[in-house]
Amino acid sequence: MVKLAGMNPEELGAVAAAAGLRPFAARQMASWLYTKRVKDIDGMTDLPKKARQWLKDNGYAIGRHEPIMASRSADGTVKYLFEGVAGRDIEAVYIPDHDRATLCVSSQAGCRMGCRFCMTGRGGWQGNLDAADILNQILSIPESETLTNIVFMGMGEPTDNIDAVLRAVEVLTAKWGFAWSPKRITVSSIGKQPGFGMLLDRTQVHIAVSLHTPYSTERLSLMPVEKAFPARQVIETLKKYDFAHQRRLSFEYTMFDGLNDDDAHADALSRLVRGLPCRVNLIRFHRIPGFEGKPSSQERMEHFRDRLNDNGVTATIRASRGEDIMAACGMLAGAKAQQNMKEENEQS
Ligand code: SF4
């Protein structure tokens, strides 16, 4: 199957020419894909019937597929499960919040970064999503038309699948695509190069860097990526870009009881990010099997936040959403994979 979703006007032009259509058909197709959001080729009703048939006969499809499961939280958060790659389902989480409606999307089926505290990382990597798979999460949820923001914070490390992520961002922000401001998009990353530099150079989206501790040896014990791409190096890279105006920078800091939540960590973190216009998001840890870390108490998180603020670093505690539906990254797909495995074992 050749997916049309994710193609730019030049690529659509080549498809149109092969289908015997005039060049302007590329713009019509882009409009059907990204403005009118058709689900199948027959929905492109101003293309001649013969051309639509040619597209279908030659293996073209829009690349849309509905979620296979939805779990709705008491707080309005909805976790959607989509068919992913190589048998690994992927997740997207819809988070309504007053006048905002954010969708957290996945960029990979699984992840190969191996962060020890992450359910997705523990499940390994099954494959990359293509741009159509990423856009499908945005287009195929019932709340699609109401979305105000997209965050790439679901399964996978966006810079490890940078071509598909850049293409998805291009479609979201181009005039011929969704025509969104890049200010409505945030990409979270551990800072893997060369994808991280490409993300900074080629887009204007907001950046969130997963830090989790200011100390290199400690970060290495939590995140193997620290070895090849140390946080200090990531921060040096960030200093070359402008985050004082339109584009925003944040650091993600998951808080573990007795591990990274004392005053010394707060002060070292303040020193590390000094000079960068940024915000630190403190994240409550959700326990996962096989990792000994425990969540910090609410009091500790508040004290840590206040200490950062006193040090001149803007810090906030991110509200936990959808805890009753396992909305944390990788948990629903992980639970479903475990259930499948259990059923297979019972059958054999
Ligand atoms: Fe991958 Fe992010 Fe999980 Fe680390 S925290 S393993 S980068 S999905």
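**View A. Pairing of strand β9 with its two neighbours in the predicted model.** C104 stands across from V151 of β9. The strands concerned are β6 (residues 100–104) and β9, which pair in the parallel sense over 3 bridges. β9 is also joined to strand β10 (residues 185–189), again by 3 bridges and with the two strands running parallel. There, I150 has I185 of β10 as its bridge partner. Within β9 (residues 149–152), N149 and V151 point one way, while I150 and F152 point the other way. These four residues, N149, I150, V151 and F152, are all buried.

**View B. The open sheet of 10 strands.** The strand order is β3-β4-β5-β6-β9-β10-β11-β12-β13-β14, and the pairing is mixed. The edges are formed by β3 (69–72) and β14 (314–317); each has a single partner strand, so one side of each lacks a neighbour in the sheet. On average, neighbouring strands are turned by 20° against each other, direction ignored.

**View C. The β14 edge and helix α11.** β13 and β14 pair over 4 bridges in the parallel sense. V280 lies opposite A315 of β14. Helix α11 packs on the sheet and touches β12, β13 and β14. The direction of α11 makes about 165° with that of β14.

**View D. Helix α10 and its surroundings.** Of the 11 residues of α10 (residues 263–273), 8 are buried, so the helix is largely enclosed by the rest of the structure. The buried residues are H265, A266, D267, A268, L269, S270, L272 and V273. Their cover includes the helices α8 (216–222), α9 (231–238) and α11 (298–310). Strands β12 (249–255) and β13 (279–284) also contribute to this cover. After α10 comes G275, whose phi is positive, near 90°.

**View E. Residues around the ligand.** The shell consists of C111, M113, G114, C115, C118, G121, G156 and E157. By class, 4 of these residues are nonpolar, 3 are polar and 1 is charged. Two of the cysteines are buried: C111 has a relative accessible area of 10%, and C118 has one of 16%. Both values fall under the 20% cut-off for a buried residue. The structure holds 0 disulfides.

Methods: Residues are numbered from 1 along each chain as its sequence is written. This is a predicted model: local features need pLDDT of at least 70, side-chain atom pairs count only at pLDDT 80 or more; totals for chains, interfaces and linings use all residues. Side-chain values use heavy atoms; hydrogens and water are left out. Buried means under 20% relative accessible area, exposed over 50%, partly exposed in between (1.4 Å probe, protein chains only). Contact means heavy atoms within 4.5 Å. A residue is near a molecule or strand if one of its heavy atoms lies within 4 Å of it. Ala, Val, Leu, Ile, Met, Phe, Trp, Tyr, Cys and Pro count as nonpolar, Asp, Glu, Lys and Arg as charged, and the others, Gly among them, as polar. Two strands pair if DSSP finds at least two bridges between them. Axes are lines fitted to C-alpha atoms, for helices over the stretch in contact, and angles run from 0 to 180 degrees between N-to-C directions. A disulfide is a pair of cysteine sulfur atoms within 2.5 Å.
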